[in-house]
Each structure stands twice: as structure tokens, then as C-alpha cells.
Amino acid sequence: MKTSDPTALVSDVFRVAFAERERVDAAEWAERYRVVAQGGTPGAWSWERAPYTRGIHRAWSDPSIRRLTLMKSEQVGGTETQFNCLFWGIEQRPGPRLWIYPNINLARLVNSRRLEPSMRACERLKRLIGHSRSDLTKLEIGFLDGTFIFFTGSNSDANVESFSY
């Protein structure tokens, strides 16, 4: 979508923002479109990685569920599950998102080392993100369809309270 013509740019953004989306739940979306960029088994998402997370994916995309709490141990697929659900939401339900990390430093680290490569590996998201590498290393990511993700740390009430969502 690189163009210097403002009319063409507006047209491209409009086309992306209002494109008809294929409706699938988060579990099906991950199976069809998710590519794991890093880790022990990079490549297309497979339920063999963490079959027990399928229910979490389905609950995430169920509009009747208003709150979902994930309590887990380490190294059981939780971060990849969160990425899958976030990516599904970006494409299927555009809008503002707030992602709270334990602190700002961890937010920057995870965004640059894990989230950014994962987003860029997914063709369905690549068409929605900006062309500048710095777009995904900030604490705010904007997408061409109007979705925004704000990242903050939970170690300060002021960090969390500064966002209206």
C-alpha cells in the first residue's frame, strides 16, 4: 500500500477497513492463518502444540463471554494462545485493545522479540500493519483498519488508569 498519492492512500485504507471479513472463531482462525515465528516449533500453528487451549480460543471469540481469565503455569502455550486470540481479534473484530504487562520494560521486550515477528509472519495481519519497523516496537500499535493496541505496565495504577477502553 505504499503510495505518494493521497487519494490512492485513502482509497486503500478504506478498502482494507471495510473489506468483508470471513467469520471464523479464534480456534479456526489460528489453525488456518497463524504462523509461529519463533520457539521450539516454528511454522504453521498446530493443535499438537497445545490441544488443551482450543477451549480458551473458542471462549475468547464467543460474544456471550464478557470476561475470560487465564491462569496457567509457565511454558504451556499461554503466550501463543494470547497471540492467537489477539491476532484473531485484530482481523475479526477491529477496535481498541489494552494489553497489560507486569511492567513497561517487559512490554517493550516482548513486543520487539516475540509479538512483532509473529505479526509480520502472519499474512492476514501483514496487510493491516504499517510499513515502518518502528510501528510494532512502540507501546501503541495502529492498524490500517482502525484497530489500536495500547501496551502498559500493571506496576503503576497511573499507567492503567491513563487509558479509556
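In this predicted model, Glu140 has its bridge partner in strand β5, where that partner is Phe150. Glu140 belongs to strand β4, which covers residues 140–142 and is joined to β5 by three bridges, the two strands running antiparallel. The connection between β4 and β5 is a hairpin with five residues between the strands, and within its turn Gly146 has a positive phi of about 95°.

Strand β5 also pairs with a second strand, which can be followed from the other direction along the chain. Six bridges join β5, spanning residues 148–153, to strand β3, spanning residues 96–101, and here the two strands run parallel. One of the pairings at this junction involves Tyr101, whose bridge partner in β5 is Gly153. Strand β5 is thus bridged to β3 in a parallel arrangement and to β4 in an antiparallel one.

These strands can now be placed within the protein as a whole, which has seven helices and five strands. Read from the N terminus on, the elements follow the order α-α-β-β-α-α-β-α-α-β-β-α, so that, with strands numbered from the N terminus, two helices lie between β3 and β4 in this order, and a helix follows β5.

Turning to the contacts and the surface, residues 24 or more positions apart account for 60% of the contacts in the protein that have a separation of 6 or more. Of the 165 residues in the protein, 35% are buried, while the area that the protein exposes comes to about 9800 Å², with carbon and sulfur atoms supplying 52% of it.

Definitions and conventions:
Residues numbered from 1 in each chain as written. Predicted model: local features only at pLDDT ≥ 70, side-chain atom pairs only at ≥ 80, totals over all residues. Heavy atoms only, no water. Helix = DSSP H or I, 4+ residues; strand = E, 2+ residues; numbered from the N terminus. Buried < 20%, exposed > 50% of the residue type's maximum accessible area, 1.4 Å probe, protein only. Contact = heavy atoms within 4.5 Å. Areas by Shrake-Rupley, 256 points an atom, 1.4 Å probe, with all protein chains shown as cover. Pairing = 2+ DSSP bridges.
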